[in-house]
Amino acid sequence: MKIAFRTFGCQMNVNDTEIMAGILIRAGHEIVEDEEEADAVIVNTCAVREKAEKKLYGKLGRLKALKRRKKNLIIGVAGCVAEKEGKTLLQREEVDFVFGTRSIVKIAEFVERAAKGHKFLDMSDYLNELDWSTPKNRTSRHHAWVTIIYGCNKFCTYCIVPYTRGREKSRPINDILSEVKALASEGYKEITYLGQNVDSYGKDRNDGTSLAGLIRETLKIQGIERIWFLTSYPNDFSDELIEVIASSDRVSKSIHLPIQSGSNKILKAMNRGYTREQYLDLIGRIRAKLPDASISTDVIVGFPGETEEDYLETKSLIEEVKFERVNLAMYSPREGTVSAKYFKDDVPHEEKVRRLNELLELQKRINRVINNAYVGKNVEIIVEDLMKDGKLYGRTINNKIVIFDGSKELIGKKLRIRIETATAGPLYGVL
């Protein structure tokens, strides 16, 4: 059977799709890109924001039209929207089966059931059946995503993830290390450890494992030249982790630490569990040990109750920290969250837009200053891929994107590039 995937959302969804594709290939199926060619289409969904969820329904509308022309087309829905809206999705005439984020290992069985005419929903937890030997159809030959912890226990009032991804569940450390050793033997040079809250790795196991300990063990594996990790949570980012990052030039010097707001009042309403002062203290400790590290963050503007004073506190924090990147979003209520149920969405839309645009302009100015300092310097990158215009791009150890001219044979190679031009985004250079 020919099967196509459409994947929305975060890197964990990308990794889940790689796992499902690998399992299906082992079962004798073929993965194709073209939906017109496919016998089945699996849509892997994201529910973090309303816009992401709407992508699913737009896709299902187009697949419904395709199914009218291809009567035997099978359509499955996976991911966070599947967890959130499972029964409702199954009622749609074009959808044949719906399954949860923890049941992806059963994808081959699900496709076979659907091919026999069954219409069903499965939200079971089969995570224990996933291990290092589970086949994966990876999208890169030099970089691999490796999920180390599933779920989230934080329950931020605006976030749907704990309800769609479940409670935190860490993989055994030896299982993770076996996967990385296998990747190294296959020639992979970079890995990214993934988790909704990657710093919580090991806490639920009560066996002494931690993200810092995992990275320390990973450094013993020959062939892995860079170790990345996503996404961190301020309360769980330990001094031990800072020390481990500083101990080796093979560990990424790019740290993503979502702040969400610079106002203590709003942080409390968000149930973030830390204050502005505690966050800035952590930034200070990181920069004391890792002066060249790039720090990025997430910010929500227009959260319920956010006054102009609250917004200006966020703005001043961005000015003080001078992040390398800020992912900005306007607050919108997500059905099923505490804020949607109990808080009034009382910041006018036009005010949210103004605040968002102001912060975008501020961050562009900060980025230009940071990036201009690279001009004339040599940086080391690992080449990632070709761009649409034929140029190559790669990343430095602190996650700066560098674009240059070169041949596709350089993909996956470690190179030194002289930076000639800087923008608020990528750097441009020559070999």
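In the predicted model, Ser 248 lies in the loop that connects helix H8 with strand S12, the latter spanning residues 254-256. With a relative accessible area of 14%, Ser 248 falls under the 20% limit and is therefore classed as buried. Apart from neighbours within four places in sequence, Ser 248 is in contact with Leu 219 and Lys 253.

The domain assignment divides the chain into domain 1 (2-126), domain 2 (129-372) and domain 3 (375-430). Ser 248 thus belongs to the stretch assigned to domain 2. Between the C-alpha centres of domain 2 and domain 3 there is a distance of 24 Å. These two domains also touch, since 21 residues of domain 2 are in contact with 20 residues of domain 3. A related annotation comes from UniProt, where an unreviewed entry places the feature "domain: TRAM" at residues 372-431. In the model, residues 372-431 are 50% strand and 2% helix. The C-alpha atoms at the two ends of this segment are 19 Å apart.

A second annotation concerns three cysteines. The unreviewed UniProt entry assigns the feature "binding site" to Cys 10, Cys 46 and Cys 80. Although these positions are spread over 71 residues of sequence, they cluster in space, with a largest C-alpha distance of 10.6 Å. Cys 46 is located in the loop between strand S3 (40-45) and helix H2 (50-69), whereas Cys 80 is part of helix H3, which covers residues 80-90. The relative accessible area of Cys 46 is 11%, so this residue is buried. Cys 80 also counts as buried, because its relative accessibility is 7%.

The surroundings of the two cysteines were examined with neighbours within four places in sequence left aside. Under this condition, Cys 46 is in contact with Phe 8, Gly 9, Asn 13, Ala 52, Glu 53, Cys 80 and Val 81. The contacts of Cys 80 comprise Thr 45, Cys 46, Ala 47, Thr 101, Thr 164 and Arg 165. Cys 46 and Cys 80 therefore appear in each other's contact lists, which means that heavy atoms of the pair lie within 4.5 Å.

Charged side chains were considered next. The model contains 46 salt bridges. One of them joins Glu 35 to Lys 59, with 2.8 Å between the closest N and O atoms. This pair links distant parts of the chain, as Glu 35 is in the loop between strand S2 (30-31) and S3 while Lys 59 is in helix H2, 24 residues apart. Both partners lie under the 20% limit and are therefore buried: Glu 35 has a relative accessible area of 14%, and Lys 59 has a relative accessibility of 9%.

Another salt bridge is formed in helix H2 by the side chains of Lys 54 and Glu 50, at an N to O distance of 3.7 Å. Because these residues are four places apart in the helix, about one helical turn separates them. Lys 54 counts as exposed, with a relative accessibility of 53%, whereas Glu 50 is partly exposed at 36%.

A further salt bridge connects the side chains of Lys 203 and Asp 236, with an N to O distance of 2.6 Å. Here too the partners come from distant parts of the chain, 33 residues apart. Lys 203 is in the loop between strand S10 (190-194) and helix H7 (211-218), and Asp 236 is in the loop between strand S11 (226-230) and helix H8 (239-247). The two ends of this bridge fall into separate classes of accessibility: Lys 203 is partly exposed at 47%, while Asp 236 is buried at 12%. Elsewhere, salt bridges with shared partners join Glu 306, Glu 308, Lys 315, Glu 351, Arg 354, Arg 355 and Glu 358 into one network.

Nonpolar side chains also contribute to the surface. Tyr 163, Val 338, Tyr 342 and Phe 343 make up a nonpolar surface patch of about 390 Å². Within this group, Tyr 163 is located in helix H5, which spans residues 161-165. The relative accessible area of Tyr 163 is 40%, so this residue is partly exposed. This value is over the 30% required of residues that form a patch, and Tyr 163 can therefore be counted among the patch residues.

Note on methods
Residues numbered from 1 in each chain as written. Predicted model: local features only at pLDDT ≥ 70, side-chain atom pairs only at ≥ 80, totals over all residues. Heavy atoms only, no water. Patch = residues over 30% accessible without salt bridge, like charges linked within 9 Å, V, L, I, M, F, W, Y side chains within 5 Å. Areas by Shrake-Rupley, 256 points an atom, 1.4 Å probe, with all protein chains shown as cover. Salt bridge = Lys/Arg side-chain N within 4 Å of Asp/Glu carboxyl O. Buried < 20%, exposed > 50% of the residue type's maximum accessible area, 1.4 Å probe, protein only. UniProt positions renumbered as here; feature names shortened; annotations may be inferred. Domains from an automatic or database assignment.
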